[in-house]
Each structure stands twice: as structure tokens, then as C-alpha cells.
Amino acid sequence: MIRSGSRALFVIDTPSQVFNLQEALREYGIADYDIITCDCCRADAYSQLQQLLTRLKPTHLIQVPRVSGAIEDRISIYAQHLPWLKQQGYPLVFFSNIRQQWQRDIVCSLSDSKLVLMDDGNATLVFYRYLFSQGLFFDFPADPDAERAQQALLIRQKYQVCTKPPTQLELFTVFDLPALPWLSIRNNPLSAMKQQFFEVDADAVLLLGGGETELNYLSEDHYIALLQKVVALFPGKRIQYVPHRITNPVFVDRIGLELPVSIMQQHLPIEDWLRQQDAPPATVVGFYSMALTTIASCFDGIRVISVDPGLSTWSGAASSHVWNLTRCNNLQVIEAIMDYLSLCKIIEIKYLGTQVT
């Protein structure tokens with residue numbers, strides 16, 4: 001049994017994990033904890049993480065810098081910390097991204113600890129459907145370069161890195177998912193983030209953008225046309241468009257020129273921005289962003305809408321690159337998320353062509 005106040009390690013690399021970490025401290029009764037991070041994120045996510053880390057008071061903070069080049073350098077930059085981490089004898093080890101090899105290497109090497117996976121955004125729903133339901137926890141594609149794969153194996157052996165997956169895992173999640181024999185479920189209530197707004201701006205709509213054009217799910221022209229249909233659902237409203245952090249700045253400018261929206265660039269998670277508003281937009285709308293779930297869970301008084309343009313809209317996702325996941329394509333990823341949202345009681349689903357009342 002894990003005692004209240006147990007020492008814990010958090011293995012994180014994205015800003016949203018700070019919110020989950022704060023909740024875990026409360027829910028698991030953790031008083032003493034260490035954090036290890038790695039600069040492996042796209043766009044400005046790691047800089048956002050750095051800002052949010054100032055809220056926390058870990059006993060030890062290990063920040064692994066970004067390294068490119070030789071494979072030994074890329075593995076040793078985090079593996080060198082394993083001897084010290086193993087000495088700590090953590091009762092609990094939390095991690096946040098099963099598709100990051102550096103996280104896999106650390107948590108599997110600390111297998112004497114109880115391992116807890118925190119949500120990695122909507123990816124949790126995908127992992128549950130395609131991996132966890134099959135008793136799998138990792139799904140890295142095989143390296144097509146046999147020589148490089150052998151070299152990586154020898155380097156991991158040199159640093160005593162274990163990659164054998166655990167037989168049991170706990171999932172700390174905001175999603176309503178049933179437990180499995182090999183996967184226990186613990187609800188993440190997001191209690192530290194909850195806030196009730198007694199005053200909202202009824203004429204304002206916050207439209208959350210996605211990175212679908214950068215991911216080659218659809219063309220810029222098709223994305224503009226899609227946004228035009230979404231904007232048409234809210235006649236007479238002031239719409240603020242929040243670009244996804246991976247969106248090309250030139251394309252963001254085009255959106256601002258061709259659509260009746262104001263562009264709102266954010267360098268913190270949108271949930272943080274909303275918490276700072278005295279009278280936030282009354283409505284937040286998007287397609288399948290994880291922010292829809294967190295906003296709906298945390299902020300009473302804000303209406304949250306997921307617009308479903310039909311799965312065929314994202315047809316390009318079927319052939320786009322899937323990062324470190326072999327058992328489904330990106331169109332199936334979107335399908336898994338939309339299937340969950342369609343049953344979610346706290347988020348409205350609006351199909352294009354229907355009127356928003």
C-alpha cells in the first residue's frame with residue numbers, strides 16, 4: 001500500500017502535465033516529489049512548461065536539454081540520471097507520454113515503483129482503444145535501420161536502461177473509462193483548476209484552432225472553408241480565434257484576413273487564460289481539442305461545443321504520418337476521440353448544417 005505523503009517522481013515534457021501533476025499531489029497525498037523534464041516538444045510547448053514549473057516546489061528538478069546528433073548523446077542525456085533516480089526508491093512514479101522513448105526508458109527502469117500514467121491529452125482515448133484494451137502499454141515502431149537499432153540497444157545496456165513494459169499500470173485520468181485487469185483507473189477531478197464564472201461575455205465566442213493543415217489532414221483552402229462554416233454558426237457574435245501552437249504564422253495571418261475573427265495568440269494553455277478573465281467568452285468551440293474536455297470539466301458557466309464536420313473532412317489523416325504508434329492511423333485517432341465526445345454529457349456536439357441555439 002502506498003502511504004499518504006509518499007515520495008514520488010514525475011516524468012513530464014508538456015505544459016498540460018503541470019495541471020495533472022498538481023492534481024496528483026492532492027489526490028495521492030504526495031508531500032515530497034522530484035520532477036524530470038526533457039526539451040523534446042514541438043513549437044513553444046517546452047517554454048510554456050518552463051513558465052508553469054515556477055508554480056511548483058519539487059525537492060529536485062532535473063531538466064534535460066534538447067540534444068541532436070549521435071544516438072549515444074540522445075540517450076545518455078537522460079539515461080545518465082538513472083543511477084541517482086534508482087537510488088531514491090520512489091514508491092510512485094508518474095509519467096505522461098507513452099510515445100516518448102525517453103519516458104519509456106525511465107519508467108521501465110524504475111519498475112519496482114508503482115507506475116501511474118497521467119493523461120496525454122486526447123491520446124489517452126486512443127491508447128485505451130488500441131493498446132490498453134489489448135494489454136499493451138507501448139507501441140513503438142521498429143527501427144528500419146538494423147545497425148542503428150543494435151547500436152541503441154548496446155547504449156541502453158551500457159546505461160542499464162530497461163525497456164521491458166510493466167505488467168500493471170494505473171491510469172490517472174479525466175476520462176470516464178472502465179478498469180481492465182491490468183489497468184486500474186483513478187479519476188483526475190481537476191479540482192485545483194475548477195472555477196465558476198458568474199459573469200460571462202454573451203456576445204463572445206472563443207474558437208480553438210487545430211494543427212490539421214500542418215499535419216496534412218486537409219489543405220489550407222479546405223480548412224479556411226471549414227472555419228467559415230463554423231463562424232456561420234454564430235451570427236452576430238464576436239469570435240476570437242486561437243491558433244494551435246504548431247500553425248504556420250503566415251497561415252494564421254491569412255485566417256485573420258479572410259475570416260471575420262480576431263486572432264488571439266496565446267503563450268500559455270488556453271485554460272490559464274480563461275481563469276484570468278473576469279467575464280470570459282460565454283462559448284468555447286472547437287473540433288476535437290483536449291481543451292474542450294478540460295474547459296467543460298473545470299469552468300461552470302462556459303458553454304463548450306464540439307463541432308463535428310464529419311469524419312471524411314479529415315480524410316487526409318488516414319495517410320499522414322503517425323508518430324510512435326503502429327496499431328492505428330490518424331483518422332482512427334480522430335474517430336476514437338469523436339466517439340468519446342459524442343457520449344460526453346458536458347460537451348455539446350454540433351454537426352455542420354445544424355443551427356446553434
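1. The largest cavity in this predicted model has a volume of about 30 Å³, and a search of the whole structure finds 1 cavity of 30 Å³ or more. Its lining is made up of Ile-98, Arg-99, Leu-131, Phe-138, Asp-139, Phe-140, Asn-324 and Leu-325. Sorted by class, the residues around the largest cavity comprise 5 nonpolar, 1 polar and 2 charged.

2. The second largest pocket should be considered separately from that cavity. The volume of this pocket is about 980 Å³, and among the 31 residues that line it, Arg-74, Ile-75, Tyr-78, Gln-101 and Arg-156 are the closest to its centre. Two or more lining residues are given by each of helix 3 (71-79), helix 5 (101-109) and helix 7, and of these elements helix 7 gives the most, with 6 residues. As to the chemical character of the lining of the second largest pocket, the residues divide into 19 nonpolar, 5 polar and 7 charged.

3. The packing of the interior can be described through its nonpolar cores. The largest nonpolar core holds 104 residues, of which Ile-106 and Ile-295 touch the most other members; helix 12 (residues 330-343) supplies the largest share of this core, 8 residues. A second core, separate from the largest, has 21 residues, including Ile-12, Ala-24, Tyr-33 and Met-118.

4. The surroundings of Ile-106 deserve a point of their own. If residues up to four places away in sequence are not counted, Ile-106 touches Leu-9, Val-11, Ile-36, Tyr-78, Leu-82 and Leu-85. One of these partners, Tyr-78, is also listed with the residues closest to the centre of the second largest pocket, so a reader who inspects that pocket will meet a residue in contact with Ile-106, where contact means heavy atoms within 4.5 Å.

5. Is Gln-134 buried or exposed? Gln-134 counts as exposed because its relative accessible area is 56%, and the cut-off for exposed is over 50%. This residue is found in the loop between helix 6 (123-130) and helix 7 (146-158), and helix 7 is the element that gives the most to the lining of the second largest pocket.

6. Two further distances describe the position of Gln-134. The side chains of Gln-134 and Ser-133 are joined by a polar contact of 3.4 Å. By contrast with that side-chain pair, the separation from Asp-176 is given between C-alpha atoms: Gln-134 and Asp-176 lie 42 residues apart along the chain, and their C-alpha atoms are separated by 18 Å.

Methods. Residues numbered from 1 in each chain as written. Predicted model: local features only at pLDDT ≥ 70, side-chain atom pairs only at ≥ 80, totals over all residues. Heavy atoms only, no water. Helix = DSSP H or I, 4+ residues; strand = E, 2+ residues; numbered from the N terminus. Buried < 20%, exposed > 50% of the residue type's maximum accessible area, 1.4 Å probe, protein only. Polar contact = N/O pair within 3.5 Å; in protein donor to acceptor, adjacent residues only side chain to side chain. 1 Å grid on protein atoms, 1.4 Å probe; cavity = no way out; pocket = protein on both sides within 12 Å on 5 of 7 lines; lining within 4 Å. Points joined across faces, edges and corners; volume = space filled by probe spheres on them. Nonpolar A, V, L, I, M, F, W, Y, C, P; charged D, E, K, R; others polar. Core = buried A, V, L, I, M, F, W, Y, C linked by side-chain atoms within 4.5 Å.
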